[in-house]
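Let's take a relaxed look around this protein. Have the sequence and the 3D view open as you read.

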Amino acid sequence: MAASKGNRAVLVRDLGLTDYGEVHRLQQELQAERVRGEGVDTLLLTEHRPVFTLGRNHPEPNLRATAEMVRAAGIEVAQTERGGDITYHGPGQLVAYGIIDLRAWGMGVVDYVEALEDTMFGVLGEWGVEGHRHECARGAWVGERKIGSVGLHVRRFVSMHGAALNVAPDMGHIALMNPCGLEDTEMTNLVAEAGRPVTVAEVAEAFVRQFGRVLGCETTVATGEPLTMR
């Protein structure tokens, strides 16, 4: 039976600064549990050490620089099973991974993608920044500049991967790629758009608040356990 909005609940785990691979494995484990009807719906929050992740249909990095320049910058490259093209993750960017049984929540994949976008718009609004959709790619945009990305992998109605919102990442790293494969797209971040300091911790709190509002779900932040990889 699909959960009504009032019966939706998610456990929030703040993982801190992590390597991409270890969180990817954790997502796969949690998704497998939910597919088996075990575990709980979970929202993982993290900042990754620098990495370019590649969508399942785009195994070749869509770069504006050479592979040697990427290695010299200390940026890992990781293949994933999510949709979309190349994306950057690094310190100063909030990444939110939802492992959600969408069928139990009575949602389709597009509904959930739009909810993640609306969540990012709500976060931006808390700092007086107006976000919107853009016809050229999914995610969150401010004017013609992209500030947040969305990419999912769904297995038997259970999602993994999610959204990434730029707070104050290394824009020099981001400049080494064509974001989402778009050659003429400029990326931006919340600190630049708001014109004042913002921390990832503040944005994480706002994301949880807006996620609960948009999706009509109860959010419980995990306590009493080390918020690291299990």
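## Ala96 and its surroundings

Is Ala96 buried or exposed? Keep in mind that this is a predicted model. With a relative accessible area of 2%, Ala96 falls under the 20% cut-off, so it counts as buried.

Ala96 belongs to strand β6, which covers residues 93-99. Leaving aside residues up to four places away in sequence, Ala96 touches Leu43, Leu44, Leu45, His161, Gly162, Ala163 and Phe207. As for Tyr112, that residue is 16 residues from Ala96 in sequence, and their C-alpha atoms are 13 Å apart in space.

## The largest pocket

Now for some open space: the largest pocket holds about 260 Å³. It is lined by 18 residues, and the closest to the pocket's centre are Gly83, Gly84, Arg138, Val150 and Gly151.

Where does the lining come from? Helix α3 (109-125) and strands β8 (137-142) and β9 (145-155) each chip in at least two residues. The largest share belongs to β9, with 7 residues. By type, the lining is a mix of 7 nonpolar, 6 polar and 5 charged residues.

## Helix α1

Helix α1 runs over residues 20-35, which makes 16 residues. At 1.5 Å a residue it should span 22 Å, and its end C-alpha atoms are indeed 22 Å apart, so the two values agree.

Plenty of names turn up on the buried list for α1, including Tyr20, Val23, Leu26, Leu30 and Ala32. His24, Gln27, Gln31, Glu33 and Arg34 are buried in α1 as well. Just after α1 comes Gly37, with a positive phi of about 85°.

Note on methods: Residues are numbered from 1 along each chain as its sequence is written. This is a predicted model: local features need pLDDT of at least 70, side-chain atom pairs count only at pLDDT 80 or more; totals for chains, interfaces and linings use all residues. Side-chain values use heavy atoms; hydrogens and water are left out. Helices (H or I, at least four residues) and strands (E, at least two) are DSSP runs, numbered from the N terminus. Buried means under 20% relative accessible area, exposed over 50%, partly exposed in between (1.4 Å probe, protein chains only). Contact means heavy atoms within 4.5 Å. On a 1 Å grid over the protein atoms alone, a cavity is a set of points where a 1.4 Å probe fits but cannot get out, and a pocket is an open set with protein on both sides within 12 Å along at least five of seven lines; lining residues have an atom within 4 Å of a point. Grid points are joined across faces, edges and corners, and a volume is the space filled by probe spheres set on the points. Ala, Val, Leu, Ile, Met, Phe, Trp, Tyr, Cys and Pro count as nonpolar, Asp, Glu, Lys and Arg as charged, and the others, Gly among them, as polar. The expected span of a helix is 1.5 Å times one less than its number of residues.
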